[in-house]
Amino acid sequence: MNKPLGITVSRHIMDSQRLHPEATGELSGLLGELIVAAKTISAEVNMAGLADILGQSGKVNVQGEKVQKLDEFANNTIKRRMAQCGYLCVMGSEEEDDIIPVKEGYVGKYTLTFDPLDGSSNIDVNVSIGTIFSIHRRRTASGQGTVEDLLQKGRDQVAAGYIIYGSSTMMVYTTGEGVHGFTLDPSVGEFYLSHPDITFPARSRYYSVNEGNSRYWSEGMSRYIEYLKSEDKATHRPYSARYIGSMLADLHRNLIAGGIFLYPRDSKDPSKPEGKLRLLYEAAPFAFVVEQAGGRAITDDGRNILDIEPTSLHQRVPLVIGSRQDVDMFERFITGKN
Ligand code: AHG
Ligand code: MN
Ligand code: MN
């Protein structure tokens, strides 16, 4: 008997499209182009040590952080390919101050925001990094898109996901019908379905947070982490700590193994009321993925991430995201119910 054939990501996208007779195939086309960009970046990431591309490019991005060479490569790869794919009207990147226009003649009905390489401080040490993407329908009627098309709440995403360049390269995405993971077979250059219908374990045993910042936490946040570290066999406490320092790698791990990830605001520094992570490029796409997988994503004061109306491209947001019962418990601590 023949072994069943692996389901490729393009097959999977086409099959989901068939469930929507009204679909024009544009979203499938857009995801297909994004996958090509991801494969290009994956190949470059794997070559990084050999190709002398490691190290910093010397530039500083809009967030005031050093831009690494691979960040630049990833940003340019996505920008160039997607600007001419014909499905987008405008893009926004974590690495670009302003919107990225799409050339006239190539204008389509979708928008793309992306973090070209998340966890870039981990490039030089061979730890997993990845690309995060978020897709919306345009708001403006026609012509080249504007910033207004990009400032949309996470709830209105039509697709979101990420590509992790780890021990193997994986793509994980949702179009609002569950979360599916695909692993790249580099010998064929194809992503195959490896993790269908990913669901978060309801409660976990792991927490991911930069505990070096604990002196700056709010009282509720500090009490919650102390609670996770206290003993109770029935709820698997104390939890174990896992913090990689690439949000994408931390959240990927938590999605598969269960866990809660927290990047709260710095309560002692009024200049950092919103934490570190960006709403449009990091928090909202992951919130969509995590909710679709049965988890939950809120701010450190209990607002649903997907309901936040963005007011600027590079807006930051304090993020608490992960297994539903863990996030529920966090909420009890910050609202004084525990
Ligand atoms: P980026 O590499 O895209 O700038 O993002 C880095 C982010 C995120 O991936 C990670 O969770 C966080 O920075 C780590 O921050 P700390 O070093 O402050 O813990
Ligand atoms: Mn990032
Ligand atoms: Mn980045």
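Which residue stands opposite Val90 in strand 4? In this predicted model, the residue opposite Val90 is Pro101.

## Strand 3 and its partners

Strand 4 covers residues 100-101 and pairs with strand 3 in the antiparallel sense, over two bridges. The two strands form a hairpin, and six residues lie between them. Strand 3 also pairs with strand 5 (residues 110-118), here in the parallel sense and over five bridges. Within that pairing, Leu88 has Tyr110 of strand 5 as its bridge partner. Strand 3 itself spans residues 88-93, and six of its six residues are buried, so the strand is largely enclosed by the rest of the structure.

## The two manganese ions

Two manganese ions, ligand 2 and ligand 3, lie 3.6 Å apart. The table lists the protein donors of each ion.

| Ion | Donors | Distances | Spacing along the chain |
|---|---|---|---|
| manganese ion (ligand 2) | Asp115 (OD), Asp118 (OD), Glu282 (OE) | 1.8 to 2.2 Å | D-x2-D-x163-E |
| manganese ion (ligand 3) | Glu94 (OE), Asp115 (OD), Leu117 (O) | 2.3 to 2.4 Å | E-x20-D-x1-L |

Asp115 appears in both rows, since this residue coordinates both ions. Asp115 has a relative accessible area of 0% and is therefore buried, the cut-off being under 20%. Asp118, a donor to the manganese ion (ligand 2), is also buried, with a relative accessible area of 5%. Leu117 is buried too, and Leu117 contributes an O atom to the coordination of the manganese ion (ligand 3).

## Two residues in the loop between strands 14 and 15

His314 sits in the loop that runs between strand 14 (296-298) and strand 15 (319-322). Is His314 buried or exposed? Its relative accessibility is 16%, so His314 counts as buried. The side chain of His314 reaches the backbone oxygen of Glu96 at 2.8 Å. Leaving out residues up to four places away in sequence, His314 touches Val62, Gln63, Ser93, Glu94, Glu96, Asp97, Arg278 and Tyr281. One of these contacts, Glu94, is a donor to the manganese ion (ligand 3).

Asp307 is also placed in the loop between strand 14 and strand 15. Its relative accessibility is 41%, so Asp307 counts as partly exposed. With residues up to four places away in sequence set aside, Asp307 touches Lys153 and Arg155. Asp307 and Pro264 are 43 residues apart in sequence, and their C-alpha atoms are 18 Å apart in space.

The strands on either side of this loop belong to an open sheet of five strands, with the order 12-11-13-15-14 and mixed pairing. Its edge strands are strand 12 (240-241) and strand 14, each of which pairs on one side only. The pairing of strand 14 with strand 15 is antiparallel and extends over three bridges. In this pairing Arg296 stands opposite Gly322 of strand 15.

## Nonpolar cores

How many residues does the largest nonpolar core have? This core has 39 residues, and those with the most contacts inside it are Met82, Leu88, Leu112, Phe133 and Ile135. Helix 2 (residues 26-47) supplies the largest share of the core, nine residues. Apart from this core lies another, of 33 residues, which include Ile164, Val172, Ile198 and Val290.

Met82 is in contact with Leu30, Glu33, Leu34, Leu88, Met91 and Leu112, not counting its neighbours within four places in sequence. Among these contacts, Leu88 and Leu112 are also on the list of residues with the most contacts inside the largest core.

## Helix 1

Helix 1 comprises residues 9-18, and its residues Val9, His12, Ile13, Ser16 and Gln17 are buried. These residues cover an arc of only 140° around the axis, which puts them on the same side of helix 1. This fits the geometry of the α-helix: with 3.6 residues a turn, residues three or four places apart point the same way. The buried residues of helix 1 pack against helix 2, strand 8 (169-174), strand 9 (179-185) and strand 10 (190-195).

Methods
Residues are numbered from 1 along each chain as its sequence is written. Chains are lettered from A and ligands numbered from 1 in the order in which they are written. This is a predicted model: local features need pLDDT of at least 70, side-chain atom pairs count only at pLDDT 80 or more; totals for chains, interfaces and linings use all residues. Side-chain values use heavy atoms; hydrogens and water are left out. Donors are N, O and S atoms within 2.8 Å of the metal (3.2 Å for Na, K and Ca); water is not among the atoms, so sites may look incomplete. Buried means under 20% relative accessible area, exposed over 50%, partly exposed in between (1.4 Å probe, protein chains only). Helices (H or I, at least four residues) and strands (E, at least two) are DSSP runs, numbered from the N terminus. A polar contact is a pair of N or O atoms within 3.5 Å; within protein, one must be able to donate a hydrogen and the other to accept it, and residues adjacent in sequence count only if both atoms are side-chain atoms. Contact means heavy atoms within 4.5 Å. A nonpolar core is a set of buried Ala, Val, Leu, Ile, Met, Phe, Trp, Tyr and Cys residues joined through side-chain atoms within 4.5 Å. Two strands pair if DSSP finds at least two bridges between them. The arc is that of the directions from the helix axis to the C-beta atoms.
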